[in-house]
Amino acid sequence: MKTKRPIARIAHAHLYVLKIVWQIDKKRVLLQFLERFCTVYEYLIYGAIFTQVILSLVEKNLEFQTMFALLWAGFLPRAVIHIYLQYYTNMASPVSDVRFLEGMTRLLYEKACLADLTCFEDSEFYNQYMMAVREAKARVPKMLYDISDMIVSFLAALTGFYMIWRMNRYALLFIILPILGNFVFNGILSGRLFRLERETIIFKRIADYVNRTIHLADYAKEIRLSNVFSLLGRKYDESVKAEQKAVRRYAPVNLLLFFCFQYFTFTLLFNGSFLYAGYHTLVTGSMVFAELAVFQNFMCTNTWDFLYSAEAAVENIKNSFFIEQIEGFLNYEPKIPEDADGMIPERTIRTITFSHVSFGYQEGRAVLKDVCLELHAGQHAALVGFNGSGKTTLMKLLLRLYDPDEGAILVNGTDIREYNLRAYRSLFTAAFQDGKIFADTVEENILMGAHQTPEQDAQTVWKALKLAGMEEEVRSWDRQEKTVLTKEFSREGMVLSGGQSQKIIAARAFAKDCPVAVFDEPSSALDPIAEYSLFANILRFSGERMLFFISHRLSSVRNADVVFFLENGRITERGSHKELMEKNGKYASLYRTQAKNYLA
């Protein structure tokens, strides 16, 4: 694939912005161009052309009444223009800004939700994602403004060039100065500023992380009970110093480029054109005062038109670098598209098979190695083993959050990659130990958007809470299932303990009626009695469902139909609890060790 030339890349970025804004709000594009046209041409028409017409009529000694009528006739269109500009500024633009922000946010978040989990573990992708989210909402509408400003101002400048050329051809030489200032010096400066932004984005992310960590309640206890504050402070200082170092490295050349941009664009242009016109008026006499006034009006108006056009062009060159990042993010094609189509799976699950499955989060570092297992309808399986043995990874592959590097996972004999992804995932209800509580009500945290009728919702919620062992506790709260969780948006929000949070997450799994249930360490924060009760309810809930259960407490897996013991990414032992105890291998040894601790 050939790399686009700079001009082609910039043009592509312009077209991409117009496409995005047109897709979100067509009216915004039309109104923006009309606003720029009215603003720019008003100055040209009334600052130069209308002035020239009036002064010409004065020279012809036109009657006052006629002159007065012409003035009023000339200013009526200006009044209409100002009415439209007020409408655009105070009504059309604010309303459109909200609509655009909503549309742009939706595009970014939908793409983020479609991205593979591996993307959020890839720092390069995450940097691009953060830049897209941070910059898109401001850069895209700003670039639309600059595109319209560049085009309209350029057309106005061409009109002005023609008028100046008719008055004095040599005056056009002054136009070279802003070209040199903007397109040469400011163009180089813009490229350097983008490279600086790209270099420092990682340091900004570190600083943002520290800022976020310091003020979140989740980290408050650890900060107060340890010396981690000094560690965070050190990371913050290091990121600030690194950013300052990068800025200092770019600063000397950037300052020189900015001086050259200002000197050629403004100082030489305005002072030079004024002295030039004054010379022709006072020394050569080739201009009368009226011509001098009109000439200066043309030069000032036309110069500003050109400067606006050039400045907008340079801004667009700078913005186009960011737009490339945004486009790259929005055009990202996930390895596992969330909207992937395919076969609709049966709701009856007869078999789930892992056939020689290997997988690693990073290339060359396998987490699972040649895993083979099969589960039949209604069977309850326990996955046990030491931390890092691959138990949770196995379930993530089953839910198709990742795809195996080698081998295949079959459901009812069909590779799960052939199924419609959303339909396939609807076969599973899952609770993970690192599940999150959202800043919403208990009800919404359990239903997760899957609403039916209010009566059915209430029945589902209370049934799930009962199975999770939280029914009595939630009923004791003033607002019961309508209680808001976390204090993110409400002072009255309920802050849950670790065990309470795990029960709500378990209730979330109990609320879904699916043929396969996955419970990954759902009781790690519970005491043994609460854990025993929860596991009993998980078995009761699972019934004829197929169940995958992960627990580090082996006493809770004794009733499983089959136990898979994982070690270093491989299944080293399999069988019922009784069979594995008789085998007297590592599972039996670990179980006896834990049993002694409980007895102690």
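## A tour from the sheet to the largest pocket

Select strand β1, residues 351-359, together with β2: the two pair in the antiparallel sense over six bridges. What you have open is a predicted model.

**Stop 1: the sheet**

Stay on β1 and zoom in on T353. Across from T353, in β2, stands E374. Next, pick I352. The bridge partner of I352 in β2 is L375.

Now turn to the other neighbour of β1. Which strand is it, and how many bridges join the two? β1 pairs with β4 in the antiparallel sense, over five bridges. Go back to T353 and look towards β4. There, T353 stands opposite L410.

Colour the four strands of this open sheet. Their order reads β2-β1-β4-β5, and the pairing is antiparallel. Which strands stand at the edges? They are β2, residues 368-376, and β5, residues 414-415. Each has a single partner strand, so one side of each lacks a neighbour in the sheet.

Add helix α9, residues 391-398, which packs on the sheet. Helix α9 touches β1, β2 and β4, the last of these spanning 406-411. Its direction makes about 115 degrees with that of β1.

Switch on a surface and check β1. Is the strand mostly covered or mostly open? Mostly covered: seven of the nine residues of β1 are buried. While side chains are displayed, keep a general rule in mind. In a regular strand, side chains alternate between the two faces of the sheet.

**Stop 2: E35 and its surroundings**

Select helix α2, residues 26-59, and find E35 in it. Is E35 buried or exposed? E35 counts as buried because its relative accessibility is 9%, under the 20% cut-off.

Show the contacts of E35. Leaving aside residues up to four places away in sequence, E35 touches Y84, L85, Y88 and Y145. Then add R36 and D149. With E35, these residues are linked in a network of salt bridges.

**Stop 3: salt bridges**

Side chains of opposite charge can pair when their charged atoms come close. How many salt bridges does the structure hold? There are 16.

Begin with D97 and R28. Their side chains meet in a salt bridge, at 2.7 Å from N to O. D97 lies in helix α3, residues 64-114, and R28 in helix α2, so this pair ties together parts that are 69 residues apart in sequence. Compare the burial of the two partners. D97 is partly exposed, with a relative accessible area of 35%. R28 is buried, at 7%.

Move on to K204. Its side chain meets that of E197 in a salt bridge, 3.9 Å from N to O. K204 also forms a salt bridge with E243, whose closest N and O atoms are 3.1 Å apart. E243 sits in helix α7, residues 228-282, while K204 sits in helix α5, residues 176-215, so the pair ties together parts that are 39 residues apart in sequence.

Check burial here too. E197 counts as buried, at 15% relative accessibility. K204 is partly exposed, with a relative accessible area of 21%. E243 is partly exposed as well, at 24%.

**Stop 4: the largest pocket**

Rolling a probe the size of a water molecule over the atoms shows where empty space is left. Centre the view on the largest pocket, which holds about 1,400 Å³ of space. Which residues lie nearest its centre? Select L399, L401, A430, F432 and M448, out of the 36 residues that line the largest pocket.

Then colour the lining by element. Those that give two or more residues to it are:

- helices α3 and α9, both visited above;
- α10, residues 421-425, and α11, residues 442-447;
- α14, residues 498-510;
- strand β6, residues 428-432.

Which element supplies the largest share of this lining? β6 does, with five residues.

**Stop 5: the whole chain**

Zoom out to the full cartoon. The chain has 17 helices and 10 strands. Colour by accessibility: 47% of the 600 residues count as buried. Finish with a contact map. Take the contacts in the chain with a separation of 6 or more; residues 24 or more positions apart account for 75% of these.

Definitions and conventions
Residues numbered from 1 in each chain as written. Predicted model: local features only at pLDDT ≥ 70, side-chain atom pairs only at ≥ 80, totals over all residues. Heavy atoms only, no water. Buried < 20%, exposed > 50% of the residue type's maximum accessible area, 1.4 Å probe, protein only. Contact = heavy atoms within 4.5 Å. Pairing = 2+ DSSP bridges. Axes fitted to C-alpha atoms, helices over the stretch in contact; angles between N-to-C directions. Salt bridge = Lys/Arg side-chain N within 4 Å of Asp/Glu carboxyl O. 1 Å grid on protein atoms, 1.4 Å probe; cavity = no way out; pocket = protein on both sides within 12 Å on 5 of 7 lines; lining within 4 Å. Points joined across faces, edges and corners; volume = space filled by probe spheres on them.
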